[in-house]
Amino acid sequence: MFECEHISVELVGDKGAFRAVSDVSVCAQECEIVDIVGPSGAGKSTFLHALALLIERTSGTLKLDDKGAESFSPQEWRRLVALVQQKPVLLEGTIEDNLRFPWSLKLYKNIQPPSAAELDALMNRAGLHDIALTRLVSQLSVGQQARVAFMRTLITHPRVLLLDEVDAALDAQSTRFIGELTSDFAREGGIVLRIRHKLDDNRAAKRLVFNAGVAHLEMIERGETRD
């Protein structure tokens, strides 16, 4: 279970300090996808960055399996609670170079790296079965690059995925594969909180609706929504 209780974030802008996120709470269970929706500037991305410990919270608590975020180092928390940004950030080199990059970091030294068979299976699931792992990422389309960046996070086996509009600028095919990979992750026990502006794709069980830093939670019943 991933618990976010009374999260508030204060930022400083041109006119001084302001409350970007105000007293937002949400709880997500294994195998669950929560959609985060609302207008631009409503505080959605700020909220996800606070959950990933990339910016400081003014108040509120975060827990993963009843353990507070303070029980983890920031690096370990970000490995388990992984943020994927809208614009993919890839290294120069091949697809395989990028997928294996996490294992060049100290944080992953005691974690078994993926086998060639695992990488091939993931490429198939991402709809990239006809592209060799030795292909340079500079030769990929924007949608293919986004899928590689997404796979690089999945292959590290986080517990929670925080997705910041990862499909916002993608074509229909890439959006579909990202959606299927997201559903597979949740089905296998993962937890997903994802910002979306596109139409509902029938994958989420809850919807966190933001407006000016304040949010309310809706439970989704397919065909209707209830508060």
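**A chat about salt bridges, cores and cysteines**

Visitor: Hi! What does Asp65 count as at 38% relative accessibility?

Guide: Asp65 counts as partly exposed. That word covers values between buried (under 20% relative accessible area) and exposed (over 50%), using a 1.4 Å probe and protein chains only.

Visitor: Anything I should know about the model itself?

Guide: This is a predicted model, where local features need pLDDT of at least 70 and side-chain atom pairs count only at pLDDT 80 or more, while totals for chains, interfaces and linings use all residues. Residues are numbered from 1 along each chain as its sequence is written, and side-chain values use heavy atoms, with hydrogens and water left out.

Visitor: Back to Asp65, then. Which side chain does Asp65 meet in a salt bridge?

Guide: That of Arg159, at 2.5 Å from N to O. A salt bridge here is a side-chain nitrogen of Lys or Arg within 4 Å of a carboxyl oxygen of Asp or Glu. Arg159 sits in the loop between helix 5 and strand 7, and Asp65 in the loop between strand 4 and strand 5 (67-68), so the pair ties together parts that are 94 residues apart in sequence. Helices (H or I, at least four residues) and strands (E, at least two) are DSSP runs, numbered from the N terminus.

Visitor: How many salt bridges does the structure hold?

Guide: There are 15. Some form a network that links Asp35, Asp167, Arg194, Arg196, Asp201 and Arg203.

Visitor: What does Asp167 pair with?

Guide: The side chain of Asp167 meets that of Arg196 in a salt bridge of 2.7 Å, N to O. They are 29 residues apart, with Asp167 in the loop between strand 7 and helix 6, and Arg196 in the loop between strand 8 (191-195) and strand 9 (206-211). Asp167 is buried, at 8% relative accessible area, and Arg196 is buried too, at 6%.

Visitor: New topic. Which residues touch the most other members of the largest nonpolar core?

Guide: Ile95, Phe150, Met151 and Leu161, out of 33 residues. Helix 5 (142-154) is among the elements that each supply at least two residues, and helix 5 gives the most, with five. A nonpolar core is a set of buried Ala, Val, Leu, Ile, Met, Phe, Trp, Tyr and Cys residues joined through side-chain atoms within 4.5 Å.

Visitor: What does Met151 touch?

Guide: Leaving out residues up to four places away in sequence, Met151 touches Leu99, Leu122, Met123, Ala126, Leu128 and Leu181. Contact means heavy atoms within 4.5 Å. Another core, of 31 residues, lies apart from the largest one and includes Val21 and Ile36.

Visitor: And why is helix 1 largely enclosed?

Guide: Seven of the eight residues of helix 1 (residues 44-51) are buried, so the rest of the structure largely encloses this helix. Phe47 and His49 are among the buried ones. Just after helix 1, Leu53 takes a positive phi of about 60°.

Visitor: Last one: how many disulfides are there?

Guide: Zero, from a search of the whole structure. A disulfide would be a pair of cysteine sulfur atoms within 2.5 Å. For Cys4, the closest cysteine sulfur is in Cys27, 8.2 Å away, which is too far for a bond. Cys4 counts as buried at 1% relative accessibility, whereas Cys27 counts as partly exposed at 25%.
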